[in-house]
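This report covers charged pairs and one helix. Please look over the sequence and the model before reading on.

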Amino acid sequence: MPVTPLTDILTDFRAYRPGNHREFLEWVRDHSQAVGLKAYALQDATSAALYLSALNQVRDFRWRHWCFTREYILKRTAHPTATGGSPIVTWLPNQLQAVLTQMLEVSGRCGGNAGVGEIVDLVRSQQETLKKEVGKYCADRGVA
Ligand code: HEM
């Protein structure tokens, strides 16, 4: 995740996770950093394609989750913050865009592995849709 005020909120939200879940995710993060998981995966086209599939799962969750937020919150209220206190129109899209950007970067390392082209097409179309949706909801609410 990029270091921005929006992703700092994500770090703060981690404090609200159940303790054992938090410990598990911290363990995964620490070990992946210790072994240099991303750099290792990107050394080979097939493992880069597997890394891309893992990112695709995160994208899939965040895209569906953005759709929930759009349907159940944004279309029903102009209130500027969500229940957790994050800026409703920009915060979730910031995380989703970070994943989409990572995916395009990683896709360049995947060679001609099967399925990569379809994933990239989906990423590009979701990037455009998200940009338009966020632009609209920001304009409606006077958010810069
Ligand atoms: C109708 C269903 C849902 C809506 C409207 C919704 C809405 C939101 C909103 C507005 C936030 C921003 C944080 C804040 O409150 O300030 C958030 C964060 C989050 N929600 Fe949900 N949520 C829904 C379902 C779920 C489900 C089913 C899960 C997990 C299985 C989930 C997991 C998360 C996570 C992990 C975050 C942190 C953001 C991230 O990592 O991308 N949410 N949600």
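Is Asp60 buried, partly exposed or exposed? Asp60 counts as partly exposed, because its relative accessibility is 30%. The model is predicted.

**Salt bridges**

The structure holds nine salt bridges. The table lists some of them, including the closest N and O distance for each pair.

| Pair | Closest N and O atoms |
|---|---|
| Asp30 and Arg29 | 3.2 Å |
| Asp60 and Arg64 | 2.8 Å |
| Lys75 and Glu71 | 2.9 Å |

Take Asp60 again. Its salt-bridge partner is Arg64. Both residues lie in helix α4, which covers residues 45-74. They sit four residues apart, about one turn of the helix. Arg64 is partly exposed, because its relative accessible area is 42%.

Asp30 pairs with Arg29. Asp30 is partly exposed at 38% relative accessibility. Arg29 is partly exposed too, with a relative accessible area of 37%.

**A linked network**

Which residues are linked with Arg70 in a network of salt bridges? They are Glu71, Lys75 and Glu133. Within this network, Lys75 bridges to Glu71. Glu71 is partly exposed, with a relative accessible area of 30%.

Arg70 is found in helix α4. Is Arg70 buried or exposed? Arg70 is buried: its relative accessible area is 14%, and the cut-off for buried is under 20%. Leaving aside neighbours within four places in sequence, Arg70 is in contact with Lys75, Glu133 and Tyr137. Glu133 and Tyr137 are among the buried residues of α6.

**Helix α6**

Helix α6 runs over residues 116-141. What span should its 26 residues have? At 1.5 Å a residue, the expected value is 38 Å. The end C-alpha atoms are 37 Å apart, so the model agrees with that expectation.

Several side chains of α6 are buried residues, among them Val116, Ile119, Val120 and Val123. Further along, Gln126, Gln127 and Leu130 are also buried. Glu133, Val134, Tyr137 and Cys138 belong to the list as well. What covers these buried residues? The cover includes α4 and α5, the latter spanning 91-107.

Gly142 follows α6. The phi of Gly142 is positive, near 65°.

**Drawing the parts together**

Helix α4 holds Arg70, and α4 is part of what covers the buried residues of α6. Glu133, a buried residue of α6, is linked with Arg70 in the salt-bridge network.

Conventions
Residues numbered from 1 in each chain as written. Predicted model: local features only at pLDDT ≥ 70, side-chain atom pairs only at ≥ 80, totals over all residues. Heavy atoms only, no water. Salt bridge = Lys/Arg side-chain N within 4 Å of Asp/Glu carboxyl O. Buried < 20%, exposed > 50% of the residue type's maximum accessible area, 1.4 Å probe, protein only. Helix = DSSP H or I, 4+ residues; strand = E, 2+ residues; numbered from the N terminus. Contact = heavy atoms within 4.5 Å. Expected span 1.5 Å × (residues − 1).
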